[in-house]
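Biologist: I'd like to learn how to read a ligand site and a nonpolar core in a model. Could you walk me through one?

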Amino acid sequence: MKVRLAGSMETALITLYGKALDAGMTPSLLHDTMAAQAVERIDYDFGRIGMTPRLAPNVAARSLHFDGWAREFLARHEQATVVHLGAGLDTRVWRVDPGPGVRWYDVDYPEVVAVRRQLYPERENYQLIGCSATAPEWLAQVPADRPTLVLGEGLLMYLEPAQGHELLRRITDRFPSGVFAGDTHNRLAVRMVNRNLARTFGAPLLRWAIEDPHELERANPALRLTDAVSALSSPSLPRATRILATLTRPVRAVRDLGMYLRLEFGPQG
Ligand SMILES: C[S@@+](CC[C@H](N)C(=O)[O-])C[C@H]1O[C@@H](n2cnc3c(N)ncnc32)[C@H](O)[C@@H]1O
């Protein structure tokens, strides 16, 4: 099938391809065979997006990290709601395979959701919402009666800061309790990634750099930052990356290029 996605939507193909490459490696980190099958079905020049076998484990390690946080949340809340904002072509709902008490929503632009519908099967308690994460409409489609995990993996950096803060405010206003988990880029990372994106897609797409993870709870007192983990500290990363990370740890701008954040809201989190 032919896939044509524009702007930030096209980056869903970068992470999908990274996970597909990882699935073909021994050992694989994420074992995302659905991503590999999806890539085989998609007619797209994956060679142009700069994702290589050397970089693929970084993509897989990030998804593995958020899979872990999703599993932890669902272990604490058998009856729960999960929303993945900017889900792209990610197959987390199949990787995590939640129990019958969990409702799961994947949200992305309508064009991306249309591609997902062609690629992946339907499943019980699983719904796609074709809507910008920054528009209020998706919230009304998600019931607010259970502890809620909202994932924003590879999303916040694409938003204007004001849009991002507004999104987090809408989440904490709508859902009585839960967790927001997402990753952020600092200024150096935004500059570096934008240089690559401009080369590949003709435009820098990232708009929000976060230097201090506490920025999010300062802007929204309903949020409590419980975890801020450097992406470079992930034990799943290849040895060479981990050695480089150890050597550069004293340099804060490098250590904190990418952060995985977890923030609780409401009485139980
Ligand atoms: C780098 S991809 C990440 C996809 C997926 N989360 C993953 O980790 O594989 C970024 C995704 O964010 C989506 N995105 C960017 N801005 C968005 C917005 N305002 N609303 C919904 N999705 C958005 C893009 O369409 C794209 O699918």
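**Reading the ligand shell and the cores**

Modeller: Gladly! Keep in mind that this is a predicted model. A good start is the set of residues around the ligand: there are 22 of them, and the closest are Lys 19, Gly 86, Asp 108, Ala 133 and Glu 153.

Biologist: How do the residues of that shell divide into nonpolar, polar and charged?

Modeller: Nine are nonpolar, eight are polar and five are charged.

Biologist: And which helix gives the largest share of the shell?

Modeller: Helix α1, spanning residues 11–23, supplies four residues, the largest share.

Biologist: Which side chains have an N or O atom close enough to the ligand for a polar contact?

Modeller: The cut-off for such a pair is 3.5 Å. The side chain of Asp 108 has an N or O atom 2.7 Å from a ligand oxygen. For ligand nitrogen atoms, the distance is 3.1 Å to an N or O atom in the side chain of Ser 132 and 3.2 Å to one in the side chain of His 84. Taken alone, the ligand exposes 590 Å², and the protein buries 97% of that.

Biologist: Now the cores, please. What is the general idea?

Modeller: In soluble globular proteins, nonpolar side chains tend to be buried together. Here the largest nonpolar core has 53 residues, and Ile 42 and Leu 89 touch the most other members.

Biologist: What does Leu 89 touch, leaving out residues up to four places away in sequence?

Modeller: Its contacts include Ala 12, Leu 13, Leu 16, Ile 42, Val 112 and Arg 116. Apart from this core lies another, of 29 residues, among them Ile 129, Ala 135, Leu 223 and Leu 263.

Definitions and conventions
Residues numbered from 1 in each chain as written. Predicted model: local features only at pLDDT ≥ 70, side-chain atom pairs only at ≥ 80, totals over all residues. Heavy atoms only, no water. Near = heavy atom within 4 Å. Polar contact = N/O pair within 3.5 Å; in protein donor to acceptor, adjacent residues only side chain to side chain. Areas by Shrake-Rupley, 256 points an atom, 1.4 Å probe, with all protein chains shown as cover. Helix = DSSP H or I, 4+ residues; strand = E, 2+ residues; numbered from the N terminus. Nonpolar A, V, L, I, M, F, W, Y, C, P; charged D, E, K, R; others polar. Core = buried A, V, L, I, M, F, W, Y, C linked by side-chain atoms within 4.5 Å. Buried < 20%, exposed > 50% of the residue type's maximum accessible area, 1.4 Å probe, protein only. Contact = heavy atoms within 4.5 Å.
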